Amino acid sequence: MMLFIGSHVSFKSDSGLLGSVEETLSYGANAFMFYTGAPQNTQRSAIDDLKTYEGLKLMQDNNMKLENVIVHAPYIINLANNTDITKWEFACNFLRQEINRCNTLGVKYMVLHPGSSVGLDRNYAIGNIIKGLNNVLIDDDKIVILLETMALKGTEIGSIDEIKTIIEGVNNKKNIGVCLDTCHLNDAGIDISNFDEFLDEFDKKIGIDKIKCVHVNDSKNEFGSHKDRHENLGFGTIGFDNLLSVIYNKRLEDIPKILETPYIDKEIPPYKFEIEMIKNKEFNKNLYSDAYKYYKGE
Ligand code: FE
Ligand code: FE
Ligand code: ZN
């Protein structure tokens, strides 16, 4: 079966899309996801069109498809809470600009955290998300905004049922989809050890065809913990075999799988070695030392 696998990569103002593609290739990957700037703020520098062109060219040379490139919207965007209307409008505007940046880059899919209700009634907050999305999307938009399933930490919105409600409220259905996150599902108390059963349920509620991206992460915390702390594949509570059954599920064959697992000691990317594990279908308990040796020569 075809495998579209990659990780979160950086997108820097000087190297732009070219730098992201080069990093992707260094991991042996054929898919990738990035933030167009720092995820925790809304400062964005202009996109370098030459680097975009060179990045697209490099992708083409390596048979990489644009459908396997994902932008992640910054997690400070919160369409759910409109207590401060100026802030809410800013979030809408920022999301619009982010869609425009995706268009400039040729990227089709953007992952978005649905938001947090904070002090508001949950249903009212969900209504705000719908209103925000309908505000932002325009009729001839090509972007598909992928609502991410969340761990439901604090007042986070993003259960399967809530995502279903949001999708039902969005007018332009072609512009809305879903991104599954295995760590978030686990932490939200959704059993993915029988992934086909989960997909059957999902298909009845929303439709499998809405899934356009999967974030593959192990979890540092136990099932149903509502914590959201990612772990390297096979080192957490979900386990390597369960994650493999997600990655290699036939029904999601065409969908990119993206790793958002933590760097080793906050400085060494694990992705090249995690992707090797996935391709070999064999857990590597020496992941940390192998990565250290490769990047540090020790
Ligand atoms: Fe996310
Ligand atoms: Fe995620
Ligand atoms: Zn997460």
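These questions and answers deal with the iron site and the pockets of a predicted model.

Guide: In this predicted model, local features need pLDDT of at least 70, side-chain atom pairs count only at pLDDT 80 or more, and totals for chains, interfaces and linings use all residues. Residues are numbered from 1 along each chain as its sequence is written, chains are lettered from A and ligands numbered from 1 in the order in which they are written, and side-chain values use heavy atoms, with hydrogens and water left out.

Visitor: What makes His72, His113 and Glu148 donors of the iron ion (ligand 1)?

Guide: A donor is an N, O or S atom within 2.8 Å of the metal (3.2 Å for Na, K and Ca); water is not among the atoms, so sites may look incomplete. His72 (NE2), His113 (NE2) and Glu148 (OE) coordinate the iron ion (ligand 1) at 2.1 to 2.3 Å, so they meet that limit. Glutamate 148 also bridges to the iron ion (ligand 2), 3.3 Å from the iron ion (ligand 1).

Visitor: Why are histidine 72 and glutamate 148 called buried?

Guide: Buried means under 20% relative accessible area, exposed over 50%, and partly exposed in between (1.4 Å probe, protein chains only). Both histidine 72 and glutamate 148 are in the buried class, so each has under 20%.

Visitor: How do you know that 9 residues in the lining of the largest pocket are charged?

Guide: Asp, Glu, Lys and Arg count as charged, Ala, Val, Leu, Ile, Met, Phe, Trp, Tyr, Cys and Pro as nonpolar, and the others, Gly among them, as polar. By these classes the lining has 9 nonpolar, 10 polar and 9 charged residues.
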